[in-house]
Amino acid sequence: MIAEAGAFALMLSLALSVVQVGLSTAGRIRRSAALAGAGEGAALAAFLSVAVAFAALMHAFVTSDFSVANVAANSHSEKPLLYRVAGTWGSHEGSMLLWCLALTGFGAAIAGLGRTLPQGLRAVTVATQGALGVVFLAYTVFASNPLARLAQPPVEGRSLNPLLQDPALAVHPPFLYAGYVGMSVVFSLAIAALVEGRVDAAWSRWIRPWALAAWSLLTVGITLGAFWAYYELGWGGWWFWDPVENASFMPWLVATALLHSAIVTEKRGALSGWTLFLALAAFSFSMLGAFLVRSGVLTSVHAFAVDPTRGVLLLIILGLTAGLGFSLFAWRAPSLGRGGMFAPISRESALVLNNILLAAATATVLLGTLYPLIREAMTGEAISVGPPYFNLTFTPLMSALMILLPAGPLLAWKRGDARGVLQRLWIAVVIAAASGLAVIALVSPKKAFGALGVAMGAWLVAGALAELAERTRAFRVSAGETWRRLVGLPRGAWGMTLAHLGLGVFVLGAVFETTWKLEAAEALPVGGRLSLGAYELSLDAVTPVAGPNYEADQGTITVRKAGAFVCRAEPQRRLYTAGGQTTSEVGLCYRGASHLYLVLGERRDGGTYLVRAYWNPWASLIFIGPVVMALGGLVSLSDRRLRIGVGRRREAEA
Amino acid sequence: MRWRALLAALAGIACIAAASDPAERLPDPAQEARAREIFRDVRCLVCQNESIDDSEAELAQDLRKIVREQVSAGRSEAEIKRFLTDRYGEFVLLTPSLSPGNLLLWGGPFLVVLAGAALLLTRLRNRTPDAELSTEEAERVRRLAEDEAP
């Protein structure tokens, strides 16, 4: 019954989305507040309806109702509750439903929170969001219904891929999808601006909170995914330049560029066309990601929800939506104004350079992901584009960006003063150079690239702090005055500092981890020893352990340094009985920001076990950095200036 | 398309880091390091986008064996890679070659930078000095300033 109610609610939400488009469009054409209001009501109702369908699917997963085809294919009654809940979005159908939930949720959010938008702009935004809802809900209802029943339900389900049964990955998709789909609001706002023919400071101010929210969620989503790959796939990598990772990274890069160009449009009225372009591109890349991940056109370590036949439908949706958006852009954008002028050395120029480099970085990732497909389709020759390509193209582009980054926020609008900026940054220059040299002297003289990378990370961190010191006039006025200024800084400024600081922290972690990683592996009998750098590892015992839906060999590994006890880790090698897959559960010892990463391999002849151990210096920073960046986004989002509703209320009072 | 079928058939194989397996290692640490360097650039053809350095699949094991043998026989990295591409095609290397067919791949990002820089330069060159504010604009500034005041 509940599944049928859910299927009905899903169908209803499609109808409501159609109504939403109709009412909002009519409201715009007739300039009728009542019709537009009704359109917003429909947006809210569509969201509630999808929420009911989503709850019904979750209910089917939690109660292991195997008469629902999707549950039978992706769940198992012995699975722990968390993974039965997460199973809701673990499959193709379920993840599309999550996508629709987020899409209609953002539609309802504009309807509810967008009261400060001018009426016409709001109506077109709600109509566009509704149209996106129609397309994706129609796809879900007709091509990938998650609530379809089976005529003959099996006794037991086929279970979820065991690699996905992990806490980080259980919450990874909701963050990622909220981020992907958050870009739809930005897309709809851009369409509305093109229809209305108006892009001004107010519009950029409206687009920023949505872009910031989506960007922060996407940052958290990607970081969770990277962290999962780090400890679940079992060889200590956290980024593989895999097509599916790239699919999530491209919208992130575009959104990052958008956040920066929207500042120029807001403050100086310039780059409005480019800001619109990025707003359209961000969601287009999100849709491209959804297509790439599900279509199976690319081989990937993360290919889980693949279905080639439906990939074609998704490709059509992508082509239609993005195509219409960009056609509208090509038609209307040239009539938009050019905005304020600026000198070669100015904040505007710096932000334009940021955008050029981010656009080039996006092009690199896009080419690297799709080129093998294109080349094979055109010439029949198969090539591989792997990590070495990205190291040679993406890394230099990003390095150039990071060298320029600390100078940007210190430059004045319109006409900046390069010498003044250098004077304010000389301490950061000294700190960066000293860190690089210290690394060469103390850690290893042979790794020049590592030293450069550390200098870069230090430059970013010191640059962000120098900018903070500049804003608060630290060391030039009394400590009390500095404190007063520090507390009084707008949240937006804090957000920027945190985001730039987070990037620096990430760079330090990534450079240390990749340059000074140590590795050891040995087939050990129980009681055997292995040394890794200064650490001495011993395999004390291997015991069989039974989990809720798996059987495992659990190794007990004791780590000592110069004879003193450091930690004990219990890595497992698991066999999931339902699907017959084996996975390894890594044992991690945290040593400050560094990790000892221990993996128990298969049993070999003579009762030995293959034990792998990695020393991953500063690896925690790789994940803490992006979290700090996302935190910066959230802090910036809480800025009074962006708080939704401030502008209109003030207008009303005046 | 042959590979596609093979990939589909073998997609179920669990691929877990494997190159450091002591049973496979070369006795000479310098040679072993060279071999590992090469592994990172060779694709495990039956896995889902992994290098043979990371993969536990049987084919990856065989490829590692071949590379290690050739390294210990004193062959250069270029020779080994040529041997591999002769047998498996360019698909086997994770670094795409600098051939004419890959021109767009390698040049694309830098074209974007050049195009962006050209646009920025034109924009900067066509700059006209800012005019004084008209009375209307001055009035708007005054109103905005009042608006911003708490």
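# A walk through chain B and a stop in chain A

Start by selecting chain B, where you will find six helices and zero strands. Keep in mind as you explore that this is a predicted model. Colour chain B by secondary structure and follow it along the sequence: the pattern reads α-α-α-α-α-α.

Before zooming in, take in chain B as a whole. Of its 150 residues, 27% are buried. Now think about which parts of the chain touch each other. Among contacts between residues at least 6 apart in sequence, 56% join residues at least 24 apart.

**Stop 1: two helices that cross**

Next, select residues 29-39 of chain B, which form helix H2, and residues 58-72 of chain B, which form helix H3. These two helices pack with their axes 9 Å apart, at an angle of about 135°. That angle makes H2(B) oblique to H3(B). Turn the view until one helix lies in front of the other, and look at the handedness: H2(B) passes H3(B) in a right-handed crossing.

Which residues meet here? Show the side chains of Gln31(B), Arg34(B), Ala35(B), Ile38(B) and Phe39(B) in H2(B). Facing them in H3(B) are Arg64(B), Val67(B), Arg68(B), Val71(B) and Ser72(B). Try colouring this contact between H2(B) and H3(B) by residue class: you should see five nonpolar, two polar and three charged residues.

**Stop 2: where chain B touches chain A**

Now bring chain A into view. Here 37 residues of chain B are in contact with 40 residues of chain A. On the chain B side, select helix H1 (2-10) and helix H5 (103-125), the elements that give two or more residues to this contact with chain A. H5(B) supplies the largest share of the chain B side, with nine residues. Colour that side of chain B by class as well, and it divides into 18 nonpolar, ten polar and nine charged residues.

**Stop 3: a residue in chain A**

For the last stop, select residues 448-472 of chain A, which make up helix H15, and pick out Ala462(A) within it. Is Ala462(A) buried or exposed? It counts as buried, because it has 22 C-beta neighbours inside 10 Å, and 20 or more are enough for a residue to be called buried.

Who are its partners? Leaving aside residues up to four places away in sequence, Ala462(A) touches Ile427(A), Ala428(A), Ile431(A) and Ala432(A). To finish, draw a distance between the C-alpha atoms of Ala462(A) and Leu425(A): these residues are 37 apart along the chain, and the two atoms are separated by 8.6 Å.

Terms used. Residues numbered from 1 in each chain as written. Chains lettered and ligands numbered in written order. Predicted model: local features only at pLDDT ≥ 70, side-chain atom pairs only at ≥ 80, totals over all residues. Axes fitted to C-alpha atoms, helices over the stretch in contact; angles between N-to-C directions. Helix = DSSP H or I, 4+ residues; strand = E, 2+ residues; numbered from the N terminus. Parallel < 35°, antiparallel > 145°, perpendicular 65-115°, else oblique. Left-handed = near helix turned anticlockwise from the far one by under 90°. Contact = placed C-beta atoms within 7 Å. Nonpolar A, V, L, I, M, F, W, Y, C, P; charged D, E, K, R; others polar. Buried ≥ 20, exposed ≤ 12 C-beta atoms within 10 Å, placed from the backbone.
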